[in-house]
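Colleague: I would like to go through the labels used for this model and hear what each one rests on. Please show the structure and begin.

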2 protein chains.
Amino acid sequence: MTTGKNYIGNLESAKGNKTFKTYNPELNKENETVFTEASIEEINKAVDLASEAFKEFRIISGTKKAEFLNTIADEILALDDELIQMYCSETGLPEGRAKGERGRTVGQLRSFANLVAEGSWVEATIDAAQPNREPMPKSDIRKMLIPLGPVVVFGASNFPLAYSTAGGDTAAALAAGCSVIVKSHPMHAGTGALVASAIVKAAKKTGMPNGVFSNLNSSGIEVGQQLVSNPKVKAVGFTGSIRGGRALLDLAAKRAEPIPVFAEMGSINPVVILPKALENRQAEIAKTYAGSITLGTGQFCTNPGLLLGIKSDALSTFVNNLSQEIMDINPSCMLHPNIKKGYNANKEKVVSQDYVRVTANYESDVENNYAQQAVVSVDGKTFLENATLHLEVFGPFSMVVQCEDTDELEQVIVSLEGQLTGTVISDENEVSNYQAVIAALQNRVGRIIFNGVPTGVEVCESMVHGGPYPASTDSRFSAVGIASIKRWVRPFSYQDWPNHLLPAELQNENPLGIKRNMNGTL
Amino acid sequence: MTTGKNYIGNLESAKGNKTFKTYNPELNKENETVFTEASIEEINKAVDLASEAFKEFRIISGTKKAEFLNTIADEILALDDELIQMYCSETGLPEGRAKGERGRTVGQLRSFANLVAEGSWVEATIDAAQPNREPMPKSDIRKMLIPLGPVVVFGASNFPLAYSTAGGDTAAALAAGCSVIVKSHPMHAGTGALVASAIVKAAKKTGMPNGVFSNLNSSGIEVGQQLVSNPKVKAVGFTGSIRGGRALLDLAAKRAEPIPVFAEMGSINPVVILPKALENRQAEIAKTYAGSITLGTGQFCTNPGLLLGIKSDALSTFVNNLSQEIMDINPSCMLHPNIKKGYNANKEKVVSQDYVRVTANYESDVENNYAQQAVVSVDGKTFLENATLHLEVFGPFSMVVQCEDTDELEQVIVSLEGQLTGTVISDENEVSNYQAVIAALQNRVGRIIFNGVPTGVEVCESMVHGGPYPASTDSRFSAVGIASIKRWVRPFSYQDWPNHLLPAELQNENPLGIKRNMNGTL
């Protein structure tokens with residue numbers, strides 16, 4: 001049962017006077033629960049609690065943190081069908097997707113639990129004293145990673161579970177030892193509230209300090225702004241639009257104490273299709289990409305919005321085939337009427353241009369909030385001259401850019417903003433002839449894919465989900481995988497500190513049995 | 001011989017019309033060489049070259065980069081006495097310090113050379129494909145660290161060698177594979193030019209691309225602003241004042257593409273002296289700290305500017321002893337008349353307050369540009385009520401804060417801005433009674449020291465030189481030690497990439513023989 005209240009630490013609270021409801025895009029009507037937006041007092045109370053809780057939580061053992069994270073996973077699974085139904089009612093996404101995303105969310109929590117239970121992630125490094133060194137004795141210096149402080153996490157519209165309340169940002173921040181305040185996404189406040197209840201249950205069961213987690217409802221931008229401006233908040237995680245992410249980045253940069261904002265934002269995920277691959281298997285590529293473009297109604301940050309090729313008969317045939325394939329796919333529901341509105345408006349901006357050739361645009365009637373997919377084509381020169389064509393059309397849409405030659409293809413890639421992914425479709429022996437193209441692509445993206453599709457982000461250690469701005473606000477970190485814990489920690493040195501007062505990770509006896517770097521060797 | 005020109009890549013150039021000279025603070029007169037500030041055209045040319053050079057330099061092998069770095073070190077040593085004399089003539093610092101700092105600079109270059117020659121620093125991580133995994137096959141994903149792009153490095157006034165032209169920032173950025181443009185510090189443009197000539201010689205000898213390094217003269221803030229605003233610049237390193245660092249941070253944050261700025265800025269390095277330690281050895285502590293406060297004329301970023309204790313007879317005696325000890329030390333020369341002017345003005349702001357007790361203020365005549373050291377004392381309440389007392393007085397100055405009790409001591413620490421270091425002077429059994437104090441201190445600093453002095457930064461793997469803002473602009477990185485290379489790199493993933501086209505670090509055969517994380521184990 002969802003009450004529509006906020007969680008201020010372990011307590012449900014609804015003192016604000018602004019209320020809202022979520023929307024069922026499939027049924028095209030509002031859901032029943034009334035949510036109360038957090039008031040300024042509730043926001044500040046949540047941050048104060050998070051700051052107090054941090055004092056205790058930052059030094060809780062890895063074993064205890066793992067217990068907490070695993071219990072969150074258990075409690076999420078215990079919500080069972082209630083969660084799946086709530087998820088579907090607030091997103092228009094099918095049950096299979098809901099269950100898959102729940103699996104991923106639970107998997108992320110458990111992988112962070114394993115990481116901190118094992119303990120080596122703190123990168124313990126010890127340089128022993130050399131009291132007889134000349135000309136000066138050397139001190140004993142020991143380093144490890146420690147948490148930053150209270151972290152604010154913004155729920156993402158397109159991943160109500162995996163990138164929201166108990167998603168990757170929250171799991172990584174809790175694993176790091178940071179307390180977390182979630183700004184719940186208004187489109188799936190019910191899903192968020194259920195997951196929040198699971199986290200609070202887990203916090204109580206495992207004896208975590210009150211305030212280690214709070215969940216705040218909001219219908220607009222004010223709650224988020226208040227949170228990011230609060231001096232006790234020490235870092236921010238965000239997944240969403242460039243406009244939203246940039247606004248938070250700017251706000252954080254203006255603080256008396258600027259804080260890190262990791263925002264994973266827009267990406268059109270360029271796909272370079274090389275000539276021989278096109279010649280040999282354009283039909284197959286067209287089919288694969290029609291599927292990738294429309295997967296999840298095109299609402300993935302890794303959606304392939306830009307297909308780049310060199311003019312040829314094969315490329316023309318590919319455009320025709322892709323357009324046919326995509327018209328054959330049944331339209332599906334978008335997350336919210338506002339998302340569909342945005343999709344239509346952004347698509348219209350492109351298809352209405354004279355210089356754009358619209359090769360597919362699903363015009364038959366569709367159900368409410370279902371998206372009408374489209375494919376368009378422009379030439380390389382046009383793309384280079386019109387920056388508006390670089391903007392993301394969030395939804396089942398892709399643009400083919402037909403370049404004159406390899407040089408223009410390289411120019412088009414160089415002109416792109418930073419991206420999460422870049423893909424190369426190639427015959428194996430072909431790609432070595434396009435080294436400048438590949439180098440240019442690598443310079444604009446965080447992950448490069450050979451003969452695949454960018455959709456589908458494997459959660460593993462070697463995954464990078466991030467990239468040059470505006471794919472993310474800090475390309476030095478990934479939003480996915482256990483390395484994403486690095487966003488919420490800082491290195492800390494102890495010099496000549498008494499052994500028994502050091503954290504266990506750095507004591508001589510290595511009581512935790514973790515991997516450590518001792519005097520330069522592991 | 002120094003010509004006073006800029007290095008735009010490998011070429012000397014002086015097209016600007018603004019000139020300046022450096023100053024010998026010991027002799028109190030200008031040095032002879034006329035330096036020409038870089039013009040807008042020269043600035044842009046340097047960045048264009050750096051951007052071009054990056055294309056080649058980013059993939060140069062670790063062995064070649066190591067050769068370059070080691071050759072820079074050799075060429076710096078080959079400058080021999082000319083460099084030492086130039087250094088002394090532009091800083092007023094003694095020859096011993098010049099040679100020590102040169103040793104450190106050369107040592108840093110060689111330690112980065114060793115790091116990249118060995119090669120494991122790229123954190124190569126491989127997750128093998130699982131083509132038969134259910135429900136979906138798993139791709140082969142491989143990750144490593146790659147360089148960000150051209151980096152701008154600002155020379156520091158107080159470390160003409162170790163934190164300037166070929167200092168830690170430059171060495172780390174070149175080791176990472178980034179091209180570097182140095183904005184030379186106007187106070188030691190001659191030292192900078194000599195070191196730049198050594199870097200250019202090394203670049204030519206080892207066949208590095210033209211533009212991998214440039215050195216730009218400047219007398220004001222314009223050159224730096226132009227550099228940070230240039231879209232081709234991808235990161236910034238700075239060591240200096242809070243005002244200067246914050247201005248660059250703000251400028252970088254306002255760019256269409258915001259870029260990371262790592263600025264190591266102000267710090268007053270609080271030292272907590274616990275009661276029993278004071279009782280048992282206040283005289284010895286006073287002597288040690290008089291030395292630490294005046295070391296290098298107090299011009300270290302780790303200078304102990306704040307001594308915190310709990311009111312007692314022993315603390316009063318300590319203040320008297322420290323004051324006497326510091327008055328017995330011979331005044332020494334500051335780096336520049338402007339630095340001395342700043343010192344006097346900032347010191348005056350403090351000593352002129354009614355609520356400040358001045359216990360030592362060297363008032364005898366001193367030579368030009370020599371600093372008159374001082375010690376003052378305030379009570380905890382006063383310190384808490386007057387934020388102006390938290391400001392750094394850059395020079396041989398320290399403030400003793402006498403707190404009523406442990407609670408007030410903790411409050412004082414909590415009220416502090418972020419710091420590079422915190423020190424605890426304690427009898428070994430005493431410190432465990434002050435856990436809240438220690439925790440508060442840890443939360444404000446990057447390195448914590450037991451019974452030592454904060455001055456003297458060991459260059460080793462476990463060193464953290466950085467800390468919460470404003471000690472640095474991003475506490476997640478260190479400015480010293482080989483881990484400082486992390487500031488200039490980002491993780492990058494290859495998905496299903498053909499083995500022979502992967503960088504050597506990620507190929508199946510591990511041709512470089514580096515340490516790699518394979519499917520979760522090292």
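**Terms and the values behind them**

Modeller: The model is predicted. A good place to begin is the pairing across the two chains: β20(A) is joined to strand β21 (residues 489-495) of chain B by 3 bridges, and the strands run parallel.

Colleague: What makes β20(A) and β21 of chain B count as paired strands?

Modeller: Pairing needs at least two bridges between the strands. There are 3 bridges here, so the two strands pair by that criterion. Within this pairing, A:Ile448 is the residue opposite B:Tyr494 in β21(B).

Colleague: How do you know which elements supply the side of chain A that touches chain B?

Modeller: Contact is decided by C-beta atoms within 7 Å. By that test 52 residues of chain A are in contact with 52 residues of chain B. On the side of chain A, β7 (125-127), β8 (141-147), α7 (242-254), β20 (445-450) and β21 (489-495) each supply at least two residues. The largest share, 7 residues, comes from β21(A). By class, this side of chain A has 23 nonpolar, 14 polar and 15 charged residues.

Colleague: Why are the two copies said to be related as by a two-fold rotation axis?

Modeller: Chain A is superposed on chain B by a rotation of 180° with 0.0 Å of shift along the axis, at an RMSD of 0.0 Å. The two copies are therefore related as by a two-fold rotation axis. As for the contact surface, 100% of the contact residues of chain A recur in chain B, so the same surface serves both copies.

Colleague: Which residue of chain A comes closest to the rotation axis?

Modeller: That is A:Ala253, whose C-alpha lies 3.4 Å from the axis.

Colleague: Into which domains is chain A divided, and how far apart are their centres?

Modeller: Domain 1 covers 6-130 + 137-265 + 475-506, and domain 2 covers 270-450. The C-alpha centres of these domains of chain A lie 34 Å apart. In chain A, 12 residues of domain 1 are in contact with 14 residues of domain 2. The side of domain 1 that touches domain 2 in chain A has 3 nonpolar, 6 polar and 3 charged residues.

Colleague: What is the geometry of the peptide bond between A:Glu134 and A:Pro135?

Modeller: That bond is cis, with omega about 0°. A:Pro135 sits in the loop between β7 and β8 of chain A. Another cis bond runs from A:Tyr469 to A:Pro470, with omega near 5°. A:Pro470 belongs to the loop between β20 and β21 of chain A.

Colleague: Why is A:Asp496 called partly exposed?

Modeller: A count of 20 or more would make a residue buried, and 12 or fewer would make it exposed. A:Asp496 has 15 other C-beta atoms within 10 Å, which falls in between, so it is partly exposed. The residue has a positive phi of about 55° although it is not a glycine, and it lies in the loop between β21 and β22 (517-518) of chain A.

Colleague: How do you know which label B:Asn28 gets: buried, exposed or partly exposed?

Modeller: B:Asn28 has 13 C-beta neighbours inside 10 Å, again between the two cut-offs, so it counts as partly exposed. B:Asn28 is not a glycine, yet it has a positive phi of about 55°. Its place is the loop between β4 (23-24) and β5 (29-30) of chain B.

Definitions and conventions
Residues are numbered from 1 along each chain as its sequence is written. Chains are lettered from A and ligands numbered from 1 in the order in which they are written. This is a predicted model: local features need pLDDT of at least 70, side-chain atom pairs count only at pLDDT 80 or more; totals for chains, interfaces and linings use all residues. Copies are superposed by least squares on the C-alpha atoms of residues with pLDDT of at least 70 in both. Two residues are in contact if their C-beta atoms, placed from the backbone, lie within 7 Å. Domain bounds come from an automatic or database domain assignment. Ala, Val, Leu, Ile, Met, Phe, Trp, Tyr, Cys and Pro count as nonpolar, Asp, Glu, Lys and Arg as charged, and the others, Gly among them, as polar. Helices (H or I, at least four residues) and strands (E, at least two) are DSSP runs, numbered from the N terminus.
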